[in-house]
Amino acid sequence: MPEYAVELRDVSKRFPGPSGEIVNAVKNVSLQIRDGEFFSLLGPSGCGKTTSLRMIAGFELPTEGEVYIHGRPMGQTPPYRRPVNTVFQNYALFPHMTIGENVAFGLEMKGVPKAEREKRVKEALEMVRLPGFEKRRPRQMSGGQQQRVALARALINHPEVLLLDEPLGALDLKLRKEMQLELKRLQREVGITFIYVTHDQEEALTMSDRIAVMSGGRVLQVGPAHEIYEKPNCKFVADFIGETNLLEGKVIHQHGRQVEVLLAGGLTAHAESDQSLVSGQQVFVAIRPEKMALRPYDGAHNVYVGRVEEVVYIGTDTHYTVRLAGGQRVRVREQNDDPFSRPLANSGDEVRVYFDQTPARVLTE
Amino acid sequence: MFLRLSRDNIRGLLLIAPVMTLIIGLLIIPLILVVITSFGSRSPDGNVIYGFSFDNYRRLLGITPTGFDPLYLEILLRSLWLALQTTVAVIVIGFPLAYFIARASPRYRNLFLFLVLVPLWTNFVIRIYAWLMILRNQGVLNSLLGWGASLLGLPFQPLDLYPSDGAVLVGMIYEFLPFMILPIYTSLEKIDDSLFEAAADLGADALRTFLRVTLPLAVPGMVAGTILVFVPVMGTFIVADILGGRQVILVGNLVQRQFLDARDAAFGSAAALILMALTLVVTIFYTRRFGFGEEIVSA
Ligand SMILES: Nc1ncnc2c1ncn2[C@@H]1O[C@H](COP(=O)(O)OP(=O)(O)OP(=O)(O)O)[C@@H](O)[C@H]1O
Ligand SMILES: [Mg+2]
């Protein structure tokens, strides 16, 4: 049996709600997180990301199921005995201690002698690029700096796993981008497994080795960024990550991965699926705007006639909203590689929309 | 440079004028009168003869024509000692209560705070009288103890609890406990739960979390509470009057008796100023040492 840094086996968490009802925050989640991996939990607000993370840290205990850290079942183990550390969204620095005391806190609790503590605090602060900040107080630091202190305070303990709950949520966009790179660099440097909670899909896509997409307390799909983006396994994932056109229809027939779908208005779509579907089944064909073209090319599996409703120029690309003959409205994204960025069509023009079968995914609800 | 009054300046002055009038009329002027009075002396029929002599202060410090008399210094020291005991006691009793309320579920918190304040609805004097009823020889406490002893078949001598220094201390603690609970509660309630979690996350068990996080962050509350308790205890005379019989004299009693019984307003003024100076010195020393604590909390 392979040993994972963290494994959740069939974990559920129920909370008593405010008016006596039961809140199912996490439902039967199983996850295997590999050693040294940058793993993200991605999903909309309230989908159970924080709760999952808190069960790994030990702040919450699962109602059902078990959390394993390097193969060891955690059971009722309290947070202070788990080999993990957390970076909190609000940083949670101790306001009455200096930065040095904050960073040294974990070592102090372990009984590391003062001289060594000071040496390692110095190293840790250098690692997060805040050398010599030992004597400052948290309130004398900017948000980004406090963020780094929180990182140093966690990493100085050499945890087996570092848990981060939307650590960049409170930073402005530019700083957030900077810290994303910084976090990636740190993670490569220290080689510690990072479990990263975010609701920002771009952040998850750019930083993670693998992503788990969550919704309504469940994990819907786990995989590397390109897989999640290119091969979403359900309508929710396709819709949540990036932009996608969803065309409703019924399965006509399936040949291996290839599926023919009858769309509303009598159009036929050639698409692919990893699932096995039955004829007549209600499905969606998901196709990304950039996988569709207005420029004709040979061998396109799907060609539809439509009328342009809107043209939006956004610099590198132009977005065309096209109403297809079957009544569906789709978004087509074309690169502006023409030297004069002339639009391929204007509002009201009749156009043809081309796309291949492979990027068109057949998804069920 | 001369002061030019712009429209903003005038508007500002107008806005603070009512408050300034109140402060000057009700605080500054009376204080100046007290200072002036304290340098005077008492006429045989109990009026103030204004003058400029330090006699009243000399008398307070024990310098009399017939030699050193520590009577008033003892009163000062006793008051300080009682204020100190009271403060320590209300911290020791009030902290766990404040902690309990701050950690209670939000649904009950307001109820508990309400219960802390309920006694204050009863008149101050009546509350202290209640303690007299409890502590006196045939009081509630002795009756209960006597009843318990008779059940166990033990001999019982009623305890001599009233009047005494101890009774005064009990009364002061009872009187001022809410003024310690509330600021400590405010400090504790302000601590973000994530700080406790961060401590646990970094390897601190419950005890060490308490000692390294909870307690230091409650210091501002204790500082505020100490000022709210220590200063009035020094000046309160009713508690000592009722529970100390006429034996326990504190600075507050001294001032009160000089004005109302001895009709020596000059000496009373001097005593009042000494009391003020003393509390001011203690407060300044204390806040220098511990700060008002706001910079610790407002991170
Ligand atoms: N202590 C609690 N008591 C009751 N309900 C809770 C508790 N903690 C979380 N929940 C509920 O569980 C669900 C999942 O919450 P969770 O905090 O895990 O979401 P999240 O994915 O982290 O969302 P966000 O992106 O907004 O932080 C929510 O419906 C939330 O209201
Ligand atoms: Mg969350």
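Q: How many helices and how many strands are there in chain B?
A: The model shown here is a predicted one, and its chain B is built with both kinds of element. Counted along that chain, there are four strands, and the helices number 13.

Q: Why does chain B count as more spread out than a compact globule, and what is its radius of gyration?
A: For 299 residues the globule rule gives 19 Å, and chain B lies well over that value, so it is more spread out than a compact globule. Along its principal axes the C-alpha trace spans about 75 × 65 × 35 Å. The radius of gyration of chain B is 24 Å.

Q: What percentage of the residues of chain B count as buried?
A: A residue counts as buried when its relative accessible area is under 20%. Chain B exposes about 17200 Å², of which carbon and sulfur atoms supply 71%. Of its 299 residues, the share that counts as buried is 38%.

Q: How far apart do the centres of the positive and negative side chains of chain B lie?
A: Chain B carries 20 positive side chains and 19 negative ones, and each set has its own centre. The distance between the two centres is 5 Å.

Q: Which residues of chain B lose the most area to chain A?
A: In the pairing of the two chains, 21 residues of chain B are in contact with 22 residues of chain A. Together the chains bury about 2000 Å² between them, with 62% of it on carbon and sulfur atoms. Three residues together make up 35% of what the chain B side buries, and those that lose the most area are B:Asp201, B:Leu202 and B:Arg212.

Definitions and conventions
Residues numbered from 1 in each chain as written. Chains lettered and ligands numbered in written order. Predicted model: local features only at pLDDT ≥ 70, side-chain atom pairs only at ≥ 80, totals over all residues. Heavy atoms only, no water. Helix = DSSP H or I, 4+ residues; strand = E, 2+ residues; numbered from the N terminus. Rg over C-alpha atoms; globule rule 2.2 N^0.38 Å. Buried < 20%, exposed > 50% of the residue type's maximum accessible area, 1.4 Å probe, protein only. Areas by Shrake-Rupley, 256 points an atom, 1.4 Å probe, with all protein chains shown as cover. Lys, Arg positive; Asp, Glu negative; His and termini not counted. Charge placed at Lys NZ, Arg CZ, Asp CG, Glu CD. Contact = heavy atoms within 4.5 Å. Buried area = accessible area lost by both parts, 1.4 Å probe.
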